Amino acid sequence: MKKKQKPLLALIYDFDSTLAVTDMQAFKFIPSMGMSTEEFWEKTNEEFHSKDMDRVLCYLYMMVRIAKEKNIPLTRKFLNNCGDNIEYFNGVTDWFDRINEMGKIYGVQIEHYIISCGNLEIIEKCSIAKYFKNMFACEFIYDDDGVAIWPKTAINYTGKTQYIYRINKGLTEDNSDQEINEKTHHKRIPMDNMIYIGDGLTDVPAMITVKESGGTSIAVYKKGKRDKVNSYYEDNRVNYICEADYSKGSNLEKIVKLIIKSTAIKETLKEESLKAVVHEENETK
C-alpha cells in the first residue's frame with residue numbers, strides 16, 4: 001500500500017529584526033570595519049541618495065567598497081564568521097524543534113525557509129541555519145583570490161515575492177527562471193499552506209502575496225514597538241501581529257500551532273470529500 005503523503009506546511013521567515021534582533025551586519029561585519037552601525041548605514045544612505053541606486057544593491061556595494069578601503073579581504077569565510085554571534089529574539093533557538101514536533105503530532109510535514117534582503121554568506125553559517133530547507137538571500141561573486149567583487153544575487157523588497165512562488169512550485173534553484181513563469185497544475189506547497197513571518201516594509205509585498213493567496217502573514221515587532229506594525233493589520237496587509245517572542249506558550253507559538261492543526265483538519269476534510277465522491281460514483285454504477 002502506498003504510504004500516505006503528509007500535507008506540507010511552509011514557514012517562511014525574514015531574518016533581520018524578525019529572527020535576529022537587528023540587522024545581521026551589525027553583530028560582526030560593521031564592527032570589523034571599525035565603524036558604528038549608525039556610521040555604516042549613514043554612509044550607505046548618502047550613497048543611495050547621491051547615486052539614485054537600488055537600496056539593496058547600494059548596501060552590497062558599500063560592503064565591498066568599505067572592506068577594500070579598510071584593506072580587509074571580503075571573503076566568504078570572513079562573511080561566514082560574521083554569522084557566529086548573532087543575537088536572536090527570545091525562544092528562536094529552540095523554536096524550530098518545537099514547531100517540527102507539533103507537525104509530527106498533527107501529521108503535518110513542516111519546512112522552514114528564509115527569504116532575506118541580507119547576506120546569504122552570513123546566514124548560512126549562523127547557529128540556526130541547519131533548520132532551513134532553503135535560504136534565499138543576497139550573495140556575492142568572488143574573484144580568483146576569493147574576494148567579493150560583485151553581487152551574484154540581490155533580493156529586494158518586491159523580489160521577495162518571486163521566492164514565494166519558487167517555494168510554491170518546488171523550484172529552489174536560481175537558474176529556474178523559465179519554470180517560475182510557466183503555468184503548472186501541480187504546486188508542491190499550496191499557497192494556503194504557507195505562513196510568512198516578517199517585521200517591516202521590506203516584507204509587505206511578500207506578506208500581501210501570501211495573505212491574498214489564502215496563506216497566513218504575521219507581522220512581528222520588538223517588545224514595546226507594536227505601533228510599528230499596527231498599520232499593516234489595520235490596512236489588511238497581514239492576518240496577525242505579534243510580539244517577536246518565539247518562546248514556548250507565546251502568542252506567536254499559539255497562532256502557529258492553530259494553523260498547523262487547521263492544516264491537518266483541512267487535509268482530513270479533503271480526504272473525506274474524495275471518499276464521498278468515490279462512494280457516490282460507485283453507487284451510481
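**A first look around the fold**

Colleague: Which residues does Ile128 touch, leaving aside those up to four places away in sequence?

Modeller: Ile128 touches Phe15, Leu19, Tyr88, Val92, Thr93 and Phe96. Keep in mind that this is a predicted model.

Colleague: And which residues touch the most other members of the largest nonpolar core?

Modeller: Ile128 is one of them, along with Phe15, Leu19, Phe29 and Tyr246. That core has 89 residues.

Colleague: Where does the largest share of this core come from?

Modeller: From helix 3, residues 55-69, which supplies 8 residues.

Colleague: Let's switch to the sheet. How many strands, and in what order?

Modeller: It is an open sheet of 7 strands, ordered 4-3-2-1-5-6-7, and the pairing is mixed. Strand 4 (148-153) and strand 7 (240-243) are the edge strands, each pairing on one side only. On average, neighbouring strands are turned by 25 degrees against each other, direction ignored.

Colleague: What packs on the sheet?

Modeller: Helix 5, residues 92-106, packs there and touches strand 1 (8-13) and strand 2 (109-119). The direction of helix 5 makes about 150 degrees with that of strand 2.

Colleague: Back to that edge at strand 4. Do strands 3 and 4 run parallel or antiparallel?

Modeller: Antiparallel: strand 3 (residues 134-142) is joined to strand 4 by 4 bridges. To find the place by eye, look for Tyr142, which stands opposite Ala148 in strand 4.

Colleague: Now cysteines. How many disulfides are there?

Modeller: The structure holds 0 disulfides.

Colleague: Why does Cys117 not bond to Cys138?

Modeller: Because their sulfurs are 6.0 Å apart, which is too far for a bond, and Cys138 holds the cysteine sulfur closest to that of Cys117. A disulfide would need the two sulfur atoms within 2.5 Å.

Colleague: Is Cys117 buried or exposed?

Modeller: Buried, with a relative accessible area of 12%. Cys82 also counts as buried, at 1% relative accessibility.

Colleague: What about charged pairs: how many salt bridges are there?

Modeller: The count comes to 14. One of interest joins Asp14 and Lys160, whose closest N and O atoms are 3.1 Å apart. This pair links distant parts of the chain, 146 residues apart. Asp14 sits in the loop between strand 1 and helix 1 (29-32), while Lys160 is in helix 7 (residues 160-169).

Colleague: Are those two buried or exposed?

Modeller: Both Asp14 and Lys160 are buried.

Colleague: Which residues make up a network of salt bridges?

Modeller: Glu47, Lys51, Arg65 and Glu69 are linked that way. Within it, the side chains of Glu69 and Arg65 meet at 3.3 Å, N to O. These two are 4 residues apart in helix 3, which means about one helical turn separates them. Glu69 is exposed at 55% relative accessibility, while Arg65 is partly exposed at 28%.

Colleague: And what does the Lys228 and Asp199 pair tie together?

Modeller: Parts that are 29 residues apart in sequence, because Lys228 lies in helix 10 (residues 227-234) and Asp199 in the loop between strand 5 (194-198) and helix 9 (204-212). Their N to O distance is 3.2 Å.

Colleague: Which of the two, Lys228 or Asp199, is buried?

Modeller: Asp199 counts as buried, at 8% relative accessibility. Lys228 counts as partly exposed, at 44%.

Technical notes: Residues are numbered from 1 along each chain as its sequence is written. This is a predicted model: local features need pLDDT of at least 70, side-chain atom pairs count only at pLDDT 80 or more; totals for chains, interfaces and linings use all residues. Side-chain values use heavy atoms; hydrogens and water are left out. Two strands pair if DSSP finds at least two bridges between them. Axes are lines fitted to C-alpha atoms, for helices over the stretch in contact, and angles run from 0 to 180 degrees between N-to-C directions. Contact means heavy atoms within 4.5 Å. Buried means under 20% relative accessible area, exposed over 50%, partly exposed in between (1.4 Å probe, protein chains only). A nonpolar core is a set of buried Ala, Val, Leu, Ile, Met, Phe, Trp, Tyr and Cys residues joined through side-chain atoms within 4.5 Å. A salt bridge is a side-chain nitrogen of Lys or Arg within 4 Å of a carboxyl oxygen of Asp or Glu.
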